[in-house]
Amino acid sequence: MIGFGPHLMVDGYDANYDVLASVEAITDFLDMLPKEINMTKIMPPYVFKYDGGDKPEDWGVSGFVIIAESHISIHTFPEKNYFSIDIFSCNEFDMDRAIEIIKDYFGTDRLEIRTTNRGTEFPRDIGIAASITNSQRNRLI
């Protein structure tokens with residue numbers, strides 16, 4: 001793997017209102033997910049209810065859990081039956097398994113899924129990093 005690691009971004013629509021609206025359900029989700037995708041939770045989830053500010057319909061539940069590999073975060077908008085989840089890791093993980101868990105937990109198949117590799121120039125392996133740097137230099141000469 002070149003770079004820091006994979007980032008899975010999931011936007012969910014038509015999700016279960018009761019789950020989206022529950023601090024307890026979101027806490028349980030963030031507490032359970034790391035182990036299910038072979039990550040190491042290093043603190044309990046931090047989850048809170050947001051009141052929506054100027055737009056009362058934009059209230060929701062937000063939370064994150066710090067994992068040894070990086071973090072998992074979620075924001076819900078119950079009145080819109082919508083959520084967004086980010087899973088960022090310095091290690092490869094089973095994205096298909098994560099997506100299936102998300103579908104089941106939030107009761108929806110309507111997902112937008114995006115992935116990217118973060119830190120593509122991160123020197124994970126100094127030998128590989130040196131090789132890439134040297135090849136780039138050679139192209140400039």
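A residue counts as buried when its relative accessible area is under 20%. In this predicted model, Ser62 comes in at 11% relative accessibility, so Ser62 falls on the buried side of that cut-off. Ser62 is found in strand S3, and its side chain makes a polar contact, at 2.8 Å, with the side chain of His75. Leaving out residues up to four places away in sequence, Ser62 touches Tyr46, Val47 and Phe48, and also Ile74 and His75.

Stepping back to the whole chain, buried residues make up 39% of the 141 residues in the protein. The secondary structure comes to four helices and six strands, and reading along the sequence gives the pattern β-α-α-β-β-β-β-α-β-α. A good share of the contacts reach far along the chain: among those between residues at least 6 apart in sequence, 65% join residues at least 24 apart. As for the outside, the protein exposes about 8200 Å², and carbon and sulfur atoms supply 50% of that area.

What sits in the middle of the largest nonpolar core, in the sense of touching the most other members? Out of its 29 residues, that role goes to Phe29, Ile72, Phe83, Ile85, Ile87 and Phe106. Quite a few elements chip in with two or more residues: the strands S1 (5-13), S3 (60-67), S4 (70-77) and S5 (82-89), together with the helices H1 (17-20), H2 (23-36) and H3 (95-106). H3 gives the most, with six residues. Ile72 shows how many neighbours one core residue can have: not counting residues up to four places away in sequence, Ile72 touches Leu30, Leu33, Pro34, Met39, Gly63, Phe64, Val65, Ile67, Ile85, Asp86 and Ile87.

Now for H3 itself. At 1.5 Å a residue, its 12 residues should span 16 Å, and the end C-alpha atoms are indeed 16 Å apart, so the two values agree. Which residues of H3 are buried? They are Met95, Ala98, Ile99, Ile101, Ile102 and Phe106. These residues cover an arc of only 160° around the axis, which means that they lie on the same side of H3. The general geometry helps here: an α-helix has 3.6 residues a turn, so residues three or four places apart point the same way. On the face of H3 turned away from the buried side are the exposed residues Asp96 and Asp104. The buried residues of H3, for their part, pack against S1, H1, H2, S4, S5 and strand S6 (111-118). The two ends of H3 have details of their own. At the start, a side-chain oxygen of Asp94 reaches to within 3.2 Å of the backbone nitrogen of Asp96. Just after the helix, Gly107 takes a positive phi of about 65°.

H2 can be read in the same manner. Its 14 residues should span 20 Å at 1.5 Å a residue, and its end C-alpha atoms are 20 Å apart, so here too the values agree. Ala25, Ile26, Phe29, Leu30, Leu33 and Pro34 are the buried residues of H2. Because they cover an arc of only 155° around the axis, they end up on the same side of H2. The face turned away from that side carries the exposed residues Glu24 and Lys35. Packing partners for the buried residues of H2 are H1, strand S2 (46-50), S3, S4, S5 and H3. At the start of H2, a side-chain oxygen of Ser22 comes to within 3.3 Å of the backbone nitrogen of Glu24.

Last come two backbone angles worth a look. Most residues other than glycine have a negative phi. Asn38, which follows H2, has a positive phi near 60° despite not being glycine. Asn38 lies in the loop between H2 and S2. Is Asn38 buried or exposed? Its relative accessible area is 71%, so Asn38 counts as exposed. Ser70 is another residue other than glycine with a positive phi, in this case near 155°, and Ser70 has its place in strand S4.

Key
Residues numbered from 1 in each chain as written. Predicted model: local features only at pLDDT ≥ 70, side-chain atom pairs only at ≥ 80, totals over all residues. Heavy atoms only, no water. Core = buried A, V, L, I, M, F, W, Y, C linked by side-chain atoms within 4.5 Å. Buried < 20%, exposed > 50% of the residue type's maximum accessible area, 1.4 Å probe, protein only. Contact = heavy atoms within 4.5 Å. Expected span 1.5 Å × (residues − 1). Arc of directions from axis to C-beta. Polar contact = N/O pair within 3.5 Å; in protein donor to acceptor, adjacent residues only side chain to side chain. Areas by Shrake-Rupley, 256 points an atom, 1.4 Å probe, with all protein chains shown as cover.
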